[in-house]
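Could you take me on a walk through this model, selection by selection? I have it open in my viewer and would like to know what to click next and what is there.

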Amino acid sequence: MRKEKKRNLHRVKQVVISSLVAVVIVGVLAYVTYGRAIPVLDSKGLIADQERDLIVLTFGLGMVVVIPVFIMLFTIAWRYRASNTKARYEPEQAGNRALEAIWWGIPCAIILLLGIITVVSTHALDPYKPIQSSVQPVKIQVVSLNWRWLFIYPDEGIATINYINIPKDTPINFTITSDAPMNSMWIPALAGQIYAMSGMSTQLHLMANQTGSFNGSSANISGDGYADMRFKVNAMNEADYTSWARNTANKTDTTLLTDASYMKLADDSHDSSQQTFLLMDDNLYNEIIMKYMAPGDSKVSGMHTSGMSK
Amino acid sequence: MFQSILDFVFGRLRLSDFVHDPLMAGAGYAMAGALILALIGLTVFKKWGWLWKNWLTTVDPKKIGIMYLLVSLVMLLRGLADTLLLRAQQANDNIAGTLLTADHFQQIFSAHGTIMIFFVAMGIIFGLFNLIVPAQIGARDVAFPFLNSVSFWLFFAGMILINAPLVVGEFSNAGWLAYPPLSELQYSPGVGVDYWIWSLQIAGIGSLLSGINFFITIIKMRAPGMKMMMMPIFVWSAFCATLLIMFAFPILTATLGMLSLDRLMGMHFFTSGAGGNPMMYVNLIWAWGHPEVYILVLPAFGIFSEVVSTFSKKKLFGYTSMVVALIAITILSFTVWLHHFFTMGAGADVNSFFGIMTMVIAIPTGVKVFNWMFTMYRGRVTFTTPMLWFMGFVVTFTIGGLTGVMMSVPSADFQFHNSLFLVAHFHNMIIGGVVFGAFAGFSYWFPKFTGFKLNERLGVYAFWCWIVGFLVAFVPLYILGFMGAVRRLDHYDSSIGWQGLFIVAGVGVMIICVGVFFQLLQVGYSIWKRKENRVGNDPWGGRTLEWSIASPPPEYNFAVIPTVTSRDQFWEDKKKEHTSVFKPIYEDILIPKNTGLGFIIGLFALTFGFAIIWHMWWLVIVGLLGVIITLIIRLTSDDTDYVMTAAAVAKHELKRGTV
């Protein structure tokens, strides 16, 4: 009798200690998380909103399996502990067709559902799919360099380094390449990422539905200055955006993006400051891609296209 | 003139390559110092002969298995030390270069990933195969004992190569899979990527040979009567894993081969210009890489199946389901590789296909979890340390499975790819699955191979430190992923508010380190107190054949090869009240002789690897010829076995008191 009392006391002690540990962990985690930006969940764009909904939905569906697993694991383990001699013991039980059919069947059903969701959402959220809108989209060509981002606005005739201004509620059509090792362009508040690869052009469509300044970065290691591959996305009102674009294009003291200044930008550099340029060659983006199509070493062949040095 | 001789002899190796920053030099010299101390110790205690005769030249899978585990343990400590540095850097005040430079930081995470997968997880898996598979199928040895020794020494050579940069040169900073074009000459001209390539290439060939060896062993050397559907489930998992090795590792060899041709001979398989296609590499490396994940985790599934059945004192629930699930996972694992790069820009149909295939894998995996739980149902469960690892495994692995399914939806993956969410997910699977499985297997089979049990109390402490540390280390990473933190950042914007979470993650790693400390203490203490913990053949009430033989088993495992008539053969044998009163009839046993040739092949392979990394072409030829000639010597030798007579076996058995 006393022994049992002692054991119970021990058990209570265990429960108290482990709950305390759990409370401390959760408390600390809450403390270091509270008030921080969580762009994937607190999304600010049309695409990111839908991606967040998808994440929440799959999480919920997963929980349908996870919660029963946890409950079963601990109840079975507790009920059939060796010291509980009252529990039934059937050492020869080797399976049960009906039970097994249940846990082949239920996951199959969930995966079927999830599979349908996958097909539908993958097509709906295909990053290559233009966003339906009555507003004229803004085109931005992106080039990842060592180690900064070059953004070209071909229609506005301007280019920026490490930041972009975009109008809100306007579809943005990115085409993305690299003049460096592979990078991945990710603006978590607005849309998921896509690779930036040399000699290739990928696409990403997104639309901000709020104004604000959002973080973007490279998600794929690209060498020494990889951690500096950060940029800002400033979503602003249509009018602000238009005046910014017009002012930049018309200002006389804006630096020119020429053949020479591009070559300098493309060189390895840890300078991650934001810069603004006047675009001198509408075809720059294509030339950057095409130089990897040339035979021989891409580094040597460089850029010897004409019409760059206006 | 002098310069050209120097170039010829030393390739691109220069004295300055031995100069490192203090931190790295410290690690390097500590390792080299430990090695020198060990060598001095061997000399002082006159143990060279013992080392050579009992270990270096052995072809006994049980000893080779122990050597695999020892190497893995040392590498686990190295990988853990790397983790501490990575975590310290990110928890630091995150100003670039305060602790580690970007270059150094990148070398460390590249080494961490490579070492943990190739030299810890793979080492543990092969160690356990060596120790357990022959004993579980009632065999005396593996199919090709010499090949087994070659495999181990190639693995060992790879291990030396990957640690060599601590002393000479630098390691790759292109991540654990070295995606081109970053890993090409244009962006990584140094020796780092070459170290990565050749240490994996050499260890990888060892793995492939081992895979073939154990596949044949399982196919051909099962005890009479043991049909495939009577094999212990761990053997089934080993069978599936070796099948995966045989299909997947040639892809790795070919891929690394092409990358090295690019780097050595200026070819253009994966360069970004001149017709090369880096994305081809990414496809190929994952066509190996995804099955590799299952090569590691299937044996862990096997271990848990044995553990849960033994400690529930009950048959495994749904044996056939378990086998079907294993085979399904084996096949499906080759159909999902693209989910590692949904973000490459493939069309929606392609992405959907690979997303759905990935989810489908969750079905057989989930079935296994339910079957394990129902093995406990109506059982008599004792919560020994192996069982605690099992419980911890189900919890962490289920969480990891959930996050895995979340990432398998391509459009959602665009938000998770290469973020710390992903990092948390795969550590969830590999630590919760493979590492916990290895620990469960280690404490479960430890008495079999030493003759004494591990201390339970210290094992329990270790378990709780690991599971709590694990959660504290990785839950912050999941949250950081949602915050947009990508992996492999040596510094970040301090205004962004990630530092607190990184500090918590660092604390988690330290709790894990305490767990590892308890484990080392546990092994040390148990060896010290071994006389008190001595056990017989069958300390746990085992079910499979390995528990029917002595602990530790004799060199020949089974004096008389058992005849198998049912699944849990040993369990069924024990149930029969009147054990056979017949005197066992012994016969002559053919035992392979020890040979140093496997070790020598490893040495030559190491020479070859080192030479080709540093472009010492004459030494490359020496290494290669050395391997070939040693092999020819072995293959033309007939004197490879000796006979242990029936009388000697009888004497041996009598001495052990088994009769």
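Start by colouring chain A and chain B separately: in this predicted model, the two bury about 8300 Å² between them, with 68% of that on carbon and sulfur atoms. Now select R378(B), R380(B) and Q415(B), which lose the most area to chain A within chain B and together make up 10% of what that side buries. To show the whole contact, you will need 99 residues from chain B and 95 residues from chain A.

Stay with R378(B) and add E90(A): the two form a salt bridge, with their closest N and O atoms 3.3 Å apart. Three salt bridges are found across this interface, along with 31 residue pairs in polar contact. Next, highlight helix α11 (residues 348-376) of chain B, whose 16 residues are the largest share of the chain B side touching chain A. Coloured by class, that side shows 59 nonpolar, 28 polar and 12 charged residues.

Now for the rings. Over all chains there are 76 aromatic pairs. Zoom in on W236(B) and F239(B): their ring centres are 5.6 Å apart and their planes stand at 85°, so this pair is edge-to-face. Both sit in helix α8 (residues 233-265) of chain B, about one helical turn apart because they are three residues apart there, and both are buried.

Finish with F436(B) and W466(B), another edge-to-face pair, with centres 6.3 Å apart and planes at 90°. Here F436(B) belongs to helix α14 (residues 420-450) and W466(B) to helix α15 (residues 456-482) of chain B, so show both helices to see the pair link parts of the chain 30 residues apart. Both of these residues are buried as well.

Note on methods:
Residues are numbered from 1 along each chain as its sequence is written. Chains are lettered from A and ligands numbered from 1 in the order in which they are written. This is a predicted model: local features need pLDDT of at least 70, side-chain atom pairs count only at pLDDT 80 or more; totals for chains, interfaces and linings use all residues. Side-chain values use heavy atoms; hydrogens and water are left out. Contact means heavy atoms within 4.5 Å. Buried area is the accessible area (1.4 Å probe) that two parts lose on being put together, summed over both. A salt bridge is a side-chain nitrogen of Lys or Arg within 4 Å of a carboxyl oxygen of Asp or Glu. A polar contact is a pair of N or O atoms within 3.5 Å; within protein, one must be able to donate a hydrogen and the other to accept it, and residues adjacent in sequence count only if both atoms are side-chain atoms. Helices (H or I, at least four residues) and strands (E, at least two) are DSSP runs, numbered from the N terminus. Ala, Val, Leu, Ile, Met, Phe, Trp, Tyr, Cys and Pro count as nonpolar, Asp, Glu, Lys and Arg as charged, and the others, Gly among them, as polar. Rings of Phe, Tyr and Trp (its six-membered ring) pair if their centres lie within 6.5 Å; planes under 30 degrees apart count as stacked, over 60 as edge-to-face and the rest as tilted. Buried means under 20% relative accessible area, exposed over 50%, partly exposed in between (1.4 Å probe, protein chains only).
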